[in-house]
Amino acid sequence: MDEELSVLKSIYLDDLEIDSGDPTTVTITIFSNGDENDLDQDKRLLRITFVAELPSTYPDTDSPKITLCRSRGLTDEQLDELNSSIATCLQSNLGSCVLYECIELIRSKLSSYDLPFESCAICLTLMTDRNEIIKTNCHHFYHKTCLKPYVDMRKTELEEKYRELKKNGFYIERDFRQDIEDPVCRQILSSHVIEQLPDTSTIETVSNEEHQELIHQLSPHVRQWQERTQALFQQQKEKGGIIDLDKNQEMIFT
Ligand SMILES: [Zn+2]
Ligand SMILES: [Zn+2]
């Protein structure tokens, strides 16, 4: 078993985690290949985490216990198919080392599925063209042309918020103007994702109003926050006017 693990480690390097507890557990996140031999992370759209628990009797008499979790972009049917092909693979390799085979089996299956079976969370339609898809750093999928107007709108909102705080003398602890959240999970989008979005000028302005409407539906907490901030300004004004930053250096508002 140790020999198998060191071979795996030399193949998958840091992608493979080995926890030599009881039982020994091997974990690796497997991505679909984009185009052939394509190692560009952005093009590897599907993902699943493979966890194998190795009983002390593996490989001689027992198979590892394999769990697939944290999948992205896969249908339930595809997950079932992955699980049953793992079961078959384990069965036919009973008594021998099987981890490499299982991992590569999953990878080739993922690559054959090709496109994520997920709707864009902004326009709610399925993605059918690989070139239109953007995968975020938190592994959510959108049409590039849907994410772009959202990002632009948030940029403007954050810029306005920043200006307003400055104007009212609030102390700003950290420049938040680039903190554009993923519309679904609220993680901050990486600049790498934002850089991949098309120029606004190349996007057909199908229905700007419709987009604004959708985006607003997606970000109720943003509006709540705006309203709260607005109320705070009001309160401050009533309590004695606008705060003078020079006289209140030590005051920190969050
Ligand atoms: Zn879309
Ligand atoms: Zn996300």
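This report covers the fold, strand pairing, core and backbone details of a predicted model.

**Overall make-up**

The protein has 254 residues, and 19% of them are buried. Its secondary structure comes to 7 helices and 6 strands. Along the sequence, the elements follow the pattern α-β-β-β-β-α-α-β-β-α-α-α-α. Contacts that span a long stretch of sequence carry a good deal of the count: among contacts between residues at least 6 apart, 56% join residues at least 24 apart.

Confidence varies along the chain. The mean pLDDT is 83, and 75% of the residues reach 70 or more. Residues 241-254 stay under 50 in pLDDT. For that stretch the model has 18 contacts beyond four places in sequence.

**Strand pairing**

β1 and β2 pair in the antiparallel sense, over 4 bridges. They form a hairpin, with 4 residues between the two strands. Within this pair, Glu17 stands opposite Thr27 in β2. β2 also pairs with β3; these strands run antiparallel and are joined by 8 bridges. Here Ile30 stands opposite Ile48 in β3.

**The core**

The largest nonpolar core has 33 residues. Phe50, Leu99, Cys102, Ile106 and Tyr142 have the most contacts inside it. Several elements each supply at least two core residues: the strands β2 (24-31), β3 (47-54), β5 (133-135) and β6 (141-143), and the helices α2 (76-92), α3 (99-113) and α4 (144-167). The largest share, 5 residues, comes from α3. Domain 1 (2-113) and domain 2 (133-247) both give residues to the core, so the core lies between the two domains. In soluble globular proteins, nonpolar side chains tend to be buried together.

Ile106 gives a closer view of the packing. Leaving aside residues up to four places away in sequence, Ile106 touches Ile30, Ile48, Phe50 and Leu82. Ile30 and Ile48 are the residues that stand opposite each other in the β2 and β3 pairing. Phe50, like Ile106, is listed with the residues that have the most contacts inside the core.

**Backbone details**

Two peptide bonds before proline are cis. One joins Asp22 and Pro23, with omega about 5 degrees. Pro23 is found in the loop between β1 (16-19) and β2. The other runs from Tyr58 to Pro59, with omega near 5 degrees. Pro59 is in the loop between β3 and β4 (65-72).

Positive phi values also occur in residues other than glycine. The table sets out two of them.

| Residue | Phi | Loop | C-beta neighbours within 10 Å |
|---|---|---|---|
| Leu13 | near 50 degrees | between α1 (2-12) and β1 | 8 |
| Arg186 | near 75 degrees | between α4 and α5 (191-195) | 11 |

Are these two residues buried or exposed? A residue counts as exposed if 12 or fewer other C-beta atoms lie within 10 Å of its own. Leu13 has 8 such atoms, so Leu13 is exposed. Arg186 has 11 C-beta neighbours inside 10 Å, so Arg186 counts as exposed too.

Technical notes. Residues are numbered from 1 along each chain as its sequence is written. Chains are lettered from A and ligands numbered from 1 in the order in which they are written. This is a predicted model: local features need pLDDT of at least 70, side-chain atom pairs count only at pLDDT 80 or more; totals for chains, interfaces and linings use all residues. A nonpolar core is a set of buried Ala, Val, Leu, Ile, Met, Phe, Trp, Tyr and Cys residues joined through C-beta atoms within 7 Å. A residue is buried if 20 or more other C-beta atoms lie within 10 Å of its own, exposed if 12 or fewer, and partly exposed in between; C-beta atoms are placed from the backbone. Domain bounds come from an automatic or database domain assignment. Two residues are in contact if their C-beta atoms, placed from the backbone, lie within 7 Å. pLDDT is the predictor's confidence in each residue, from 0 to 100. Two strands pair if DSSP finds at least two bridges between them.
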